[in-house]
Amino acid sequence: MASTTSSQPQQINVADLDLQQLSDVRRQLEEELNHLTNSFAQLKQAQAKFKSCIENVGEVKPQNKGTTILVPLTNSLYVPGHLSDAENVIVDVGTGYYVKKACAKSYSRAQATKYYETKVEYIRTNLDTLQETIQKKQENMSYLINVMQTKLQQPQTQPTKV
């Protein structure tokens, strides 16, 4: 008969590990924390981008037609331009794809805004989940460091036998 517990991860008490194994676990935890914090920063940037898109959609109004605007070519390079078509907005749907949304009716601009608000909310829930994961990993790291310090001090406190 096959064991059904093999699909679940095995838990090991870190206090039972030697210093080399603890060091390996610490290195792995540090890598995971670095990856998670980088992911958190990238999600924050994406959220800020979508919030900016919400503001930009709000500025596309028929009364703003012909006004001078700054058009982003890259994240840091903008060129001056004129708003010539206030009836349509182009919505960034991700990975280099854009969708043209008509703004002639008020609900179309609202649809573009709603799309970006949905994206912001989705990212916020992912950020909350990621923040909890990072917090747990940091707690694990703190506990691991305490165990390592305890193990390092043990040989010094034990008297040597003659």
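The paragraphs below go through a predicted model of a protein, from its overall layout to its cores, strands and charged pairs.

The protein contains two helices and four strands. Followed along the sequence, these elements come in the order α-β-β-β-β-α, so a helix stands at either end of the pattern and the strands stand between. Of the 162 residues, 20% count as buried. The accessible surface comes to about 12400 Å², and 52% of that area belongs to carbon and sulfur atoms. Among contacts between residues at least 6 apart in sequence, 58% join residues at least 24 apart.

The interior can be looked at next. The largest nonpolar core has twelve residues, including Val 14, Leu 22, Leu 29, Leu 130, Leu 144 and Met 148. Two elements give two or more residues to this core: helix 1, residues 19–59, and helix 2, residues 106–157. Helix 2 gives the most, with six residues. Leu 144 shows how one member of the core is placed. Leaving aside residues up to four places away in sequence, Leu 144 touches Val 14, Leu 22, Val 25, Arg 26 and Leu 29. There is also a second, separate core of eleven residues, and among them are Val 57, Val 89, Ala 112 and Leu 127.

The strands come next. Strand 1 covers residues 68–72 and is hardly covered by other atoms: zero of its five residues are buried. Strand 1 runs antiparallel to strand 2, residues 78–82, and five bridges join the two. In one of these pairings, Val 71 has Val 79 of strand 2 as its bridge partner. Together the two strands form a hairpin, with five residues between them.

Strand 3 spans residues 88–94 and contains Val 93. On the surface, Val 93 forms a nonpolar patch with Tyr 97 and Val 99, and the three have about 270 Å² of accessible area together. Why can Val 93 belong to such a patch? A patch residue needs over 30% relative accessible area, and Val 93 qualifies because its value is 34%.

Charged side chains form five salt bridges in the model. One of them joins Glu 30 to Arg 26, with the closest N and O atoms 3.3 Å apart. Both residues lie in helix 1, four residues apart, which is about one turn of the helix. Glu 30 is partly exposed, with a relative accessible area of 33%, and Arg 26 is also partly exposed, at 30%.

A salt bridge can also connect separate elements. Glu 32 pairs with Lys 137, and their closest N and O atoms are 2.5 Å apart. Because Glu 32 lies in helix 1 and Lys 137 in helix 2, this pair ties together parts that are 105 residues apart in sequence. Glu 32 is partly exposed, at 27% relative accessible area, and Lys 137 is partly exposed, at 22%.

Within helix 2, Arg 124 forms a salt bridge with Glu 121, and the closest N and O atoms are 2.5 Å apart. These two residues are separated by about one helical turn because they stand three residues apart in the helix. Arg 124 is partly exposed, with a relative accessibility of 35%, and so is Glu 121, with 39%. With Asp 128 added, Glu 121 and Arg 124 are linked in a network of salt bridges.

Definitions and conventions
Residues are numbered from 1 along each chain as its sequence is written. This is a predicted model: local features need pLDDT of at least 70, side-chain atom pairs count only at pLDDT 80 or more; totals for chains, interfaces and linings use all residues. Side-chain values use heavy atoms; hydrogens and water are left out. Buried means under 20% relative accessible area, exposed over 50%, partly exposed in between (1.4 Å probe, protein chains only). Two strands pair if DSSP finds at least two bridges between them. Patches are made of residues with over 30% relative accessible area and no salt bridge: like charges are joined within 9 Å, nonpolar side chains (Val, Leu, Ile, Met, Phe, Trp, Tyr) within 5 Å. Accessible areas come from the Shrake-Rupley method with a 1.4 Å probe; for residues, only the protein chains shown count as cover. A salt bridge is a side-chain nitrogen of Lys or Arg within 4 Å of a carboxyl oxygen of Asp or Glu. A nonpolar core is a set of buried Ala, Val, Leu, Ile, Met, Phe, Trp, Tyr and Cys residues joined through side-chain atoms within 4.5 Å. Contact means heavy atoms within 4.5 Å.
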